[in-house]
Amino acid sequence: MQKNVKNIQRLCKENRSGVGKWQLWGAREKMKEYYDVIIVGTGAAGLYCALNLPERKNILMITKKEADQSDSFLAQGGICMLRGEDDYEDYFEDTMRAGHYENNKKAVDLMLRSSNSIIRDLLMREVDFERNEKGDLEFTREGAHSQPRILFHKDITGKEITSKLLAQAQTRENIEIVEYMTMVDLISADNICGGVVAMDEQDEIYEIRAPYVVLACGGLGGLYKNSTNFPHITGDALGIAMKHGVMLENIDYIQIHPTTLYSQKPGRRFLISESVRGEGAYLYDKNGQRFTNELQPRDLLSQAIFSQMEKQDTEFVWEDMRPLGETAIMKHFPNIFSRCLEEGFDVRKEPIPVVPAQHYFMGGIKVNLGSRTSMQGLYACGETSCNGVHGKNRLASNSLLESLVFARRAADDILFGKKPEPCRAGAVDRKAYEDRENLMAGYRTVILNEIERMKKSHE
Ligand SMILES: Cc1cc2nc3c(=O)[nH]c(=O)nc-3n(C[C@H](O)[C@H](O)[C@H](O)COP(=O)(O)OP(=O)(O)OC[C@H]3O[C@@H](n4cnc5c(N)ncnc54)[C@H](O)[C@@H]3O)c2cc1C
């Protein structure tokens, strides 16, 4: 596909400290003051929302780092789909059981019922999923799934899906993508949203207006020392939403992934996908003994691993991929194989040390089934939102699907729903943004305090 680099504001590859490998140019010259829709975040949710809006809508997408630096690119295991009516009850029950039956049943039903059209649409967008020798789609299974119902592309499914969506967004004349542009506030008055305040890498402040703003800012792993998420994904939208009185839900529902590669180095933890266990890998304690059911839901398995580590005073347990056999490892998990090799482990020949780490955020900005927040004109979709699909704990490979289903719902609601009243907010007080570090640190503190407060209220 021909890339329209005009829209994505990358000019040269020079290394510039603090700006990464691509240089941003002229955001001020390029960015307008008014758009029809502003989307914050270029992960699967933000991109899919943009692509589901008509070409007559002028859309601005902003992102904190480079457009491909989102957790959506990191998804390994795959994306779930309903495999016909025969699987409806099992898939529904698996999702509810993993979520401790705290899920919003209507949202679960909507996600399952929408999954076929989402997958058909992805295939039409040339997303390549694994197929068998007859050319039929191949399905894998992960923990807490009673059936194989997960589509995958090697062990880089998120990259396959999101890079195709990004490439398509780049070709659309009506979508402008601006990298290294961080939302630092919303513009609002009388609970009506009117746009965002954003800052570039030079701390230049931009006041951008639109009748519709979509928050697709991902999770909050960057607030944690050990997380599989990109460190820049720090839940900013939650702090900003709280500042404006936008309702949140269950923000203490944070998923710990049971198996990430143990490392003493700082930074993002490398995930050992659940489908590795789904395909037959075992967990061992320090004596090489199995100690738990490897396929139980993530929260229960993480607890089992933590308590085993405590009992034996270890910093990790072992995961053994050898039962999968070399052919399956190399075909299905080439990315995991090579990353472990870089760390000195050959998964074909030896177990690897694994430890639980923060991974996913089930709570978020409270939205209805059309991804509307409690503020007029403000939408949220993807990991930053909470529509109740996941309940207290997410079932593996349900989040890419959820992101896409409810991103499209946001686009539908913007198009067909009741229009927001005009926002009467005046000019923003620029002084409030001069100390950016302090501002962002303030959001972080507010979020962490609210997580603690909600935890206590759930006790
Ligand atoms: C290692 C890993 C493996 C995973 N594997 C799977 C899997 O196999 N299957 C599955 O279904 N799910 C998986 N997930 C979860 C899934 O990838 C995410 O939940 C989903 O992709 C979230 O998409 P999103 O668009 O909501 O957010 P993201 O893809 O995280 O995108 C967030 C975007 O918001 C931007 N942003 C954030 N704050 C700001 C701000 N203040 N201003 C401007 N931009 C901002 C970021 O720069 C980024 O562009 C995995 C997650 C990880 C981390």
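This report describes a helix contact, a small sheet, two loop residues and a ligand shell.

The structure is a predicted model, in which local features need pLDDT of at least 70, side-chain atom pairs count only at pLDDT 80 or more, and totals for chains, interfaces and linings use all residues. Residues are numbered from 1 along each chain as its sequence is written. Helices (H or I, at least four residues) and strands (E, at least two) are DSSP runs, numbered from the N terminus.

**Helix contact**

The axes of helix H4 (residues 105-124) and helix H11 (residues 399-416) cross at roughly 85° and come within 9 Å. Axes are lines fitted to C-alpha atoms, for helices over the stretch in contact, with angles running from 0 to 180 degrees between N-to-C directions. H4 and H11 are therefore roughly perpendicular (65 to 115 degrees). On the H4 side the contact (C-beta atoms, placed from the backbone, within 7 Å) is made by Leu-110, Met-111, Ser-114, Ser-115 and Ile-118, and on the H11 side by Leu-401, Glu-402, Leu-404 and Val-405.

**Sheet**

An open sheet of 3 strands runs in the order E10-E15-E17 with mixed pairing; two strands pair if DSSP finds at least two bridges between them. Strand E10 (248-249) and strand E17 (385-386) are the edge strands, each pairing on one side only. Strand E15 (residues 364-366) pairs with E17 in the parallel sense over 2 bridges, and Ile-365 has Ser-385 in E17 as its bridge partner. Helix H6 (residues 236-243) packs on the sheet, touching E10 and E15, and its direction makes about 40° with that of E15.

**Positive phi in loops**

The two residues tabulated below are not glycines.

| Residue | Phi | Loop between | C-beta atoms within 10 Å |
|---|---|---|---|
| Glu-126 | about 70° | H4 and strand E4 (150-151) | 11 other C-beta atoms |
| Asp-203 | about 65° | strand E7 (192-199) and strand E8 (205-209) | 13 C-beta neighbours |

Glu-126 is exposed, whereas Asp-203 counts as partly exposed. With C-beta atoms placed from the backbone, a residue is buried if 20 or more others lie within 10 Å of its own, exposed if 12 or fewer, and partly exposed in between.

**Ligand shell**

Of the 42 residues around the ligand (C-beta atom, placed from the backbone, within 6 Å of it), Gly-41, Gly-43, Gly-77, Gly-218 and Gly-382 come nearest. At least two residues of this shell are supplied by each of helix H2 (44-51), helix H5 (157-171), strand E6 (182-189) and H11.

Notes
Parallel < 35°, antiparallel > 145°, perpendicular 65-115°, else oblique. Contact = placed C-beta atoms within 7 Å.
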